[in-house]
Amino acid sequence: IAASPATAPTMYTIQKGDDWGPLAIKFYGSSTKWKILVDFNKDTVPDQKLNIGMVIKIPADAPGLKNP
């Protein structure tokens with residue numbers, strides 16, 4: 001049985017006032033999932049500092065997103 005393909009991440013452009021916690025609420029409904037965003041974007045944002053105009057990836061199926 002073939003594994004189902006991973007869903008491509010959504011690309012999001014950082015706006016004024018954006019931060020990891022509020023972005024996690026916006027995309028996942030919980031600020032506690034901010035670390036998923038940080039981990040997924042560690043190559044793009046190694047220092048975790050978001051700047052206006054920066055483009056980050058929002059994973060749809062990263063580990064830790066599906067809770068029982």
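**Notes on a small β-α-α-β model**

1. The protein chain has two helices and two strands, taking helices (H or I, at least four residues) and strands (E, at least two) as DSSP runs numbered from the N terminus. Read from the N terminus, the order is β-α-α-β. Bear in mind that this is a predicted model, in which local features need pLDDT of at least 70, side-chain atom pairs count only at pLDDT 80 or more, and totals for chains, interfaces and linings use all residues. Numbering starts from 1 along each chain as its sequence is written, and side-chain values use heavy atoms, with hydrogens and water left out.

2. Some overall numbers to begin with. Of the 68 residues in the protein chain, 29% count as buried; here buried is under 20% relative accessible area, exposed is over 50%, and partly exposed is in between (1.4 Å probe, protein chains only). The chain exposes about 4,800 Å², and carbon and sulfur atoms supply 56% of that. These areas come from the Shrake-Rupley method with a 1.4 Å probe, and for residues only the protein chains shown count as cover. Among contacts (heavy atoms within 4.5 Å) with a separation of 6 or more, residues 24 or more positions apart account for 57%.

3. Which residues of helix 1 are buried? In this helix, residues 20-28, they are Trp 20, Gly 21, Leu 23, Ala 24 and Tyr 28. They sit on the same side of helix 1, because they cover an arc of only 160° around the axis, the arc being that of the directions from the helix axis to the C-beta atoms. Their cover includes strand 1 (10-13), helix 2 (34-40) and strand 2 (55-58). Right after helix 1 comes Gly 29, with a positive phi near 80°.

4. On to the core. The largest nonpolar core has 16 residues, and those with the most contacts inside it are Ile 14, Trp 20, Leu 23, Tyr 28, Leu 37, Leu 50 and Ile 56. Such a core is a set of buried Ala, Val, Leu, Ile, Met, Phe, Trp, Tyr and Cys residues joined through side-chain atoms within 4.5 Å. Helix 1, helix 2 and strand 2 each supply at least two residues of this core, and the largest share, four residues, comes from helix 1. In soluble globular proteins, nonpolar side chains tend to be buried together.

5. Leu 50 deserves a look of its own. Not counting residues up to four places away in sequence, Leu 50 touches Ile 14, Asp 18, Asp 19, Trp 20, Leu 23, Val 45 and Ile 56. Lys 16, in the loop between strand 1 and helix 1, has its C-alpha 9.5 Å from that of Leu 50, with their positions 34 residues apart along the chain. Lys 16 counts as exposed because its relative accessibility is 75%.

6. How many salt bridges does a search of the whole structure find? It finds one, with a salt bridge taken as a side-chain nitrogen of Lys or Arg within 4 Å of a carboxyl oxygen of Asp or Glu. The side chains of Asp 39 and Lys 35 meet in a salt bridge at 3.0 Å, N to O. Both residues lie in helix 2, four residues apart, about one turn of the helix. Asp 39 is partly exposed at 38% relative accessibility, and Lys 35 is partly exposed at 41%.

7. The loop between helix 2 and strand 2 holds Asn 41. Is Asn 41 buried or exposed? Asn 41 counts as buried because its relative accessibility is 0%. The Asn 41 side chain reaches the backbone oxygen of Leu 37 at 2.9 Å. Leaving out residues up to four places away in sequence, Asn 41 touches Trp 20, Ile 56 and Lys 57.

8. Gln 48 is also found in the loop between helix 2 and strand 2. Its phi is positive, near 65°, in a residue other than glycine. Most residues other than glycine have a negative phi. Gln 48 is partly exposed, with a relative accessible area of 37%.

9. Finally, Met 11, in strand 1. Met 11 and Ile 56 are 45 residues apart in sequence but 5.8 Å apart in space, C-alpha to C-alpha. Leaving aside neighbours within four places in sequence, Met 11 is in contact with Val 55, Ile 56 and Lys 57. Met 11 is exposed, with a relative accessible area of 52%.

Definitions and conventions
A polar contact is a pair of N or O atoms within 3.5 Å; within protein, one must be able to donate a hydrogen and the other to accept it, and residues adjacent in sequence count only if both atoms are side-chain atoms.
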